[in-house]
Amino acid sequence: MKPLTGIIVAIMLIPSLFVIVGSGADVKRTTNLPQENRFEKGKNIYNEKCVVCHQANGEGIKGAFPPLANSDYLLADKKRAVEQVLNGSNEEMVVNGVTYKTPMPPQVDNHEDAVAVINYVLNAWGNEGGTISVEEVKDIKIKR
Ligand code: HEC
């Protein structure tokens, strides 16, 4: 390689270096955020729509509204939880050994909000439920 070609190649590589460094910084910034900020949107949806039944501490009301904090049912299936907020349910379900049969009406009308609120509850009140992406749930049909 001629010296001039080497210099040109080096100059061309500079922008991609910035991209690599820049994206690394982004990832770090998101993972360093405290839990509350990472799930800000979902937290707002929760406080607006879910808190009346599932309560501020996520413990629900035994026998009427099931808990989301440490819920075996929630933590067993993230996608089912997204479907729950999109379409609601009216069936018997057993959560942490207690049977619930109060219906839950649909809560949100799009996959983005459903994923945001479920990612929040999966990581609130000591839950360590991981996260789910919009990509993974986009085949869920919204029934209205
Ligand atoms: C009107 C009261 C009410 C509201 C509002 C409500 N839920 Fe529910 N939720 C219920 C009831 C009742 C059940 C059990 C439904 C059944 O037995 O079919 C339930 C079940 C669930 C479950 C599955 C069971 C469990 O405990 O893990 C999840 C997850 C859930 N709700 C999440 C939410 C989220 C998130 C919101 C807000 C976007 C929300 N709910 C809003 C009453 C409510």
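A nonpolar core is a set of buried Ala, Val, Leu, Ile, Met, Phe, Trp, Tyr and Cys residues joined through C-beta atoms within 7 Å. A residue is buried if 20 or more other C-beta atoms, placed from the backbone, lie within 10 Å of its own. This is a predicted model, in which local features need pLDDT of at least 70 and side-chain atom pairs count only at pLDDT 80 or more, while totals for chains, interfaces and linings use all residues. Residues are numbered from 1 along each chain as its sequence is written.

**Exercise 1.** List the elements of the protein in order and state its buried share.

*Solution.* Step 1: helices (H or I, at least four residues) and strands (E, at least two) are taken as DSSP runs, numbered from the N terminus. Step 2: this yields 7 helices and 2 strands. Step 3: their order from the N terminus is α-α-α-α-α-β-β-α-α. Step 4: of the 144 residues, 20% are buried.

**Exercise 2.** Describe the largest nonpolar core and the contacts of Val-117.

*Solution.* Step 1: the core has 18 residues, and those touching the most other members are Val-82, Ala-114, Val-117, Ile-118 and Val-121. Step 2: H3, H5 and H6 each give two or more residues to this core. Step 3: the most, 8 residues, come from H6. Step 4: two residues are in contact if their C-beta atoms, placed from the backbone, lie within 7 Å. Step 5: with neighbours within four places in sequence left aside, Val-117 contacts Gly-42, Ile-45, Tyr-46, Cys-50, Val-85 and Val-108.

**Exercise 3.** Determine how far H3 departs from a straight helix, and where it bends.

*Solution.* Step 1: the expected span is 1.5 Å times one less than the number of residues. Step 2: for the 15 residues of H3 a straight helix would reach 21 Å, but the end C-alpha atoms are only 18 Å apart. Step 3: the bend at a residue is the angle between axes fitted to the seven residues ending there and the seven starting there. Step 4: at Glu-48 this bend is about 50 degrees. Step 5: just after H3, Gln-55 has a positive phi of about 70 degrees.

**Exercise 4.** Characterise the shell around the ligand.

*Solution.* Step 1: a residue is near if its C-beta atom, placed from the backbone, lies within 6 Å of the ligand. Step 2: of the 30 residues around the ligand, Cys-50, Cys-53, Pro-66, Leu-74 and Met-104 come nearest. Step 3: H3 provides the largest share, 6 residues.

Terms used
Ala, Val, Leu, Ile, Met, Phe, Trp, Tyr, Cys and Pro count as nonpolar, Asp, Glu, Lys and Arg as charged, and the others, Gly among them, as polar. A residue is buried if 20 or more other C-beta atoms lie within 10 Å of its own, exposed if 12 or fewer, and partly exposed in between; C-beta atoms are placed from the backbone.
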